[in-house]
Amino acid sequence: MSDEKKHATPMLDELENGPWPSFVSGIKNLRDGHPSGRVNDMANDLLGQLEHSYETRKGYWKGGTVSVYGYGGGIIPRFSEVGQQFPESKEFHTLRVQPPAGHHYSTDILRQLADSWEKWGSGLVTFHGQTGNIMFIGATTENTQKFFDEINDYGFDLGGAGPCVRTSQSCVGSARCEQSCANEHKIHRMLVNNFTDDVHRPALPYKFKFKISGCPNDCMSAIERSDFAVIGTWRNEIVIEQDQWKKYVDKKGRQHVIDNIITRCPTKCMSLKNDDTLEIDDRNCVKCMHCLNVVPSALSPGEDRGVSVLIGGKRTLKIGDLMGTVIVPFMKLDTESDYERLVELAESSIDFWAENGLEHERCGEMIERIGLVNFLDGIGVEVDPNMIDHPRESSYVRMDGWDEEAIKWFEQKRDQSLAAAGSPFGNNTTD
Amino acid sequence: MAKREMRKAIETGCPDGFQYMHPLMVKNFGQWKTHDHPRPGVLRHIAKSGDAIWTVRAGTQRILDVFTLRQLCDIGDRYADGRVRFTIRSNIEYMLADEEKVAPLIKALEAAGFVVGGTGNSVAMISHTQGWLHCDIPGTDASGVVKAMMDELIDEFKSCNMPNRVHITTSCCQINCGGQGDIAINVQHTKPPRINHDLVANMCERPSVVARCPVAAIRPAQVNGKPTLEVDEKKCICCGACYPPCPPMQINDPEHTKLAIWVGGNHSNARSKPSFQKLVASGIPNNPPRWPEATAIVKRILRCYKEDARDWERVNDWIDRIGWPRFFELTGLPFTKYHIDNWRGARKSLNASSYVRI
Ligand code: SF4
Ligand code: SF4
Ligand code: SF4
Ligand code: SF4
């Protein structure tokens with residue numbers, strides 16, 4: 001491209017200074033070094049518009065409606081408000097593409113995606129957006145369909161955009177992490193792929209996200225960022241290798257161990273014995289992960305593993321930030337029917353919310369509005385003291401159903417201790 | 001003209017990751033024993049089978065052009081068995097079965113300008129949002145903020161000298177795609193939207209805009225005989241929630257759109273329950289191309305945290321121990337009436353005890 005055609009970008013040029021890799025240099029490489037004139041021109045006008053934003057401190061993209069044939073979502077349409085000045089990037093839509101679970105790639109598949117993308121799009125891509133999509137940034141309306149057709153043929157599909165089930169995220173977990181208590185990969189795909197229709201055809205009150213973390217470290221921020229968080233956990237004793245533990249105490253000293261582990265346990269359930277062995281009162285361990293993080297060589301999650309499910313996390317809009325709250329304290333995920341029960345729980349939650357949520361109301365906001373008990377009623381889950389921090393503090397409530405509820409509780413307890421197979425959602429002691 | 005026969009989508013959803021996963025990870029799936037951290041940017045995981053896999057993590061510009069993507073692939077082919085993954089903070093990870101290749105891989109990455117680090121007690125890559133490059137509502141450019149800040153924090157990314165890991169996030173509007181962080185740099189609008197009345201009538205579905213406002217400050221109105229909206233400026237909290245459904249509600253302003261800094265968001269359950277971030281500083285100019293004022297405050301908070309926090313304390317754990325008065329004293333940031341919450345549930349954030357730190 002001739003120099004006079006290139007937009008001057010004095011402000012963006014400042015972002016080429018400094019040691020961190022620069023996205024501005026990357027866009028310039030597309031402008032100056034790519035064999036396709038279409039890509040060069042698109043990158044040039046993109047830089048021009050971005051420089052204009054830096055100068056005026058304003059954004060110039062607006063939304064619109066673009067989708068691929070048969071789908072209602074998955075594309076973030078972007079039309080420029082200053083397209084007259086920057087015509088080559090005036091249609092600059094993003095395709096949200098669902099990544100493989102766990103975000104694993106071979107270099108071969110990345111090259112294949114790069115080849116398709118430079119053929120039809122801008123050549124700019126992000127792994128991944130905040131929801132977990134591969135973000136192919138910048139295609140015209142016409143090429144959006146062509147790019148999708150091409151990558152869809154070799155196994156990639158669009159994620160969600162709009163009021164629908166969104167792309168999910170799961171941690172590396174079992175693939176490489178000793179803390180994992182679940183098969184995140186399988187949970188991720190079973191959940192989101194059960195709702196493919198709801199991903200592609202937005203018809204829910206608002207967005208709905210699944211996130212899966214293999215342990216309570218919650219590397220995926222599932223509790224604070226998803227409507228349906230699945231967290232791997234365990235319910236028996238932490239596995240302690242006392243030899244390794246003693247080695248650690250020996251190396252680091254008792255004071256370090258007391259200051260950094262024993263006194264940091266949120267429920268004070270650990271004690272360092274006089275012979276330097278470790279004792280844990282596992283009944284009071286809340287599986288916070290701290291001690292396991294500090295000494296992975298000696299401590300591992302217990303072997304009786306499963307998941308907790310929390311519902312209703314979201315960010316600020318509209319009533320303020322909400323964390324997800326416990327709906328299922330513990331359930332096993334060993335058999336296919338266990339997994340099906342998890343999918344059914346997701347189905348009944350989404351169905352209930354689809355019917356009772358207001359427009360633009362997240363699931364957590366609906367629960368806030370109608371109360372947790374009504375939600376539990378709606379999805380057929382019994383109350384459990386693990387769902388609360390503490391019982392109610394206000395006496396302003398009508399309680400004339402008390403006797404029946406108390407009987408229900410005792411019956412439930414009895415059933416649990418009798419049932420060999422146990423109730424669908426945990427507390428079952430034998431499977 | 002006859003309509004072209006459209007190709008029907010194959011609705012496969014989320015692809016199976018096993019087909020791309022490193023063979024050692026497939027082999028030892030669910031059977032890992034422990035890990036250690038030989039040096040910043042490198043993890044070694046040991047499986048129950050005795051297999052070991054090395055992971056090398058590197059920061060990139062996140063918005064990758066195809067050349068950079070192919071360069072990352074070339075490096076992966078030469079040193080890392082042709083398998084990679086990406087972390088939630090957009091770092092690339094290479095997995096290696098062969099320890100011998102770790103050092104050459106690091107050398108190749110650094111020679112190509114990538115930054116090896118981001119593991120353990122480092123300042124991790126700032127998680128970022130779209131901004132002016134691509135979103136339709138941004139008040140700033142997250143990519144630029146992140147690049148400028150990472151230039152200054154790169155040594156903390158490459159080393160592990162913090163008391164615990166530090167996750168920094170950015171968001172270019174109050175929807176806050178960046179999420180919770182130990183430190184979050186977020187747009188904060190300070191003036192109500194200016195309304196372009198000429199456009200409201202033909203662009204916006206008025207009832208849904210009215211419904212979007214968290215404080216019911218928007219009313220339908222008539223201007224010059226045309227239906228439009230008006231904002232009760234006394235009620236308006238300048239959140240910008242009306243802007244996405246109604247672009248004529250101009251909330252972004254070159255002068256009055258500011259940045260605010262929040263601290264203590266923590267997604268993990270370790271030691272305490274997950275926590276939301278809390279406001280500590282606002283009124284910070286939105287100052288492209290390098291946002292020096294915001295970076296200076298972030299660095300000041302990091303310095304205090306690094307000096308004063310104990311091992312394993314995340315920012316929220318540290319402040320829980322030392323208390324907010326001491327936080328403001330150490331950082332020298334002003335404490336104002338805006339720090340006192342008045343949103344729903346605010347009473348839970350007030351001190352209803354005689355516990356004071358004086
Ligand atoms: S959430 Fe737990 S299992 Fe998953 S990667 Fe993080 S520490 Fe490992
Ligand atoms: S996991 Fe947490 S709660 Fe359980 S023993 Fe360890 S530190 Fe205590
Ligand atoms: S934080 Fe706001 S402006 Fe930034 S990408 Fe997200 S929605 Fe867009
Ligand atoms: S900026 Fe927020 S508070 Fe003000 S009118 Fe818009 S939605 Fe309402």
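Which residues come nearest to ligand 3? In this predicted model, the answer is a set of chain B residues: B:Cys135, B:Pro138, B:Cys172, B:Cys173 and B:Cys177. They belong to a group of 13 residues around ligand 3. Sorted by class, that shell holds 8 nonpolar and 5 polar residues, with no charged ones. Cysteine is counted as nonpolar here, and so is proline, so the five nearest residues named above all fall on the nonpolar side.

Turning to chain A, its C-alpha trace stretches over about 80 × 60 × 40 Å along the principal axes. The chain has 431 residues, and 50% of them count as buried. Its secondary structure adds up to 15 helices and 16 strands. As for how the chain folds back on itself, take the contacts with a separation of 6 or more: 63% of these are made by residues 24 or more positions apart.

Chain A also comes with a domain assignment. Domain 1 is written in two pieces, 169-235 and 304-418, while domain 2 covers 239-300. In sequence, then, domain 2 sits between the two pieces of domain 1. The C-alpha centres of the two domains of chain A are 31 Å apart. Where the domains meet, 7 residues of domain 1 are in contact with 7 residues of domain 2. On the domain 1 side of chain A, the residues touching domain 2 split into 3 nonpolar, 3 polar and 1 charged.

Note on methods:
Residues numbered from 1 in each chain as written. Chains lettered and ligands numbered in written order. Predicted model: local features only at pLDDT ≥ 70, side-chain atom pairs only at ≥ 80, totals over all residues. Domains from an automatic or database assignment. Contact = placed C-beta atoms within 7 Å. Helix = DSSP H or I, 4+ residues; strand = E, 2+ residues; numbered from the N terminus. Buried ≥ 20, exposed ≤ 12 C-beta atoms within 10 Å, placed from the backbone. Near = placed C-beta within 6 Å.
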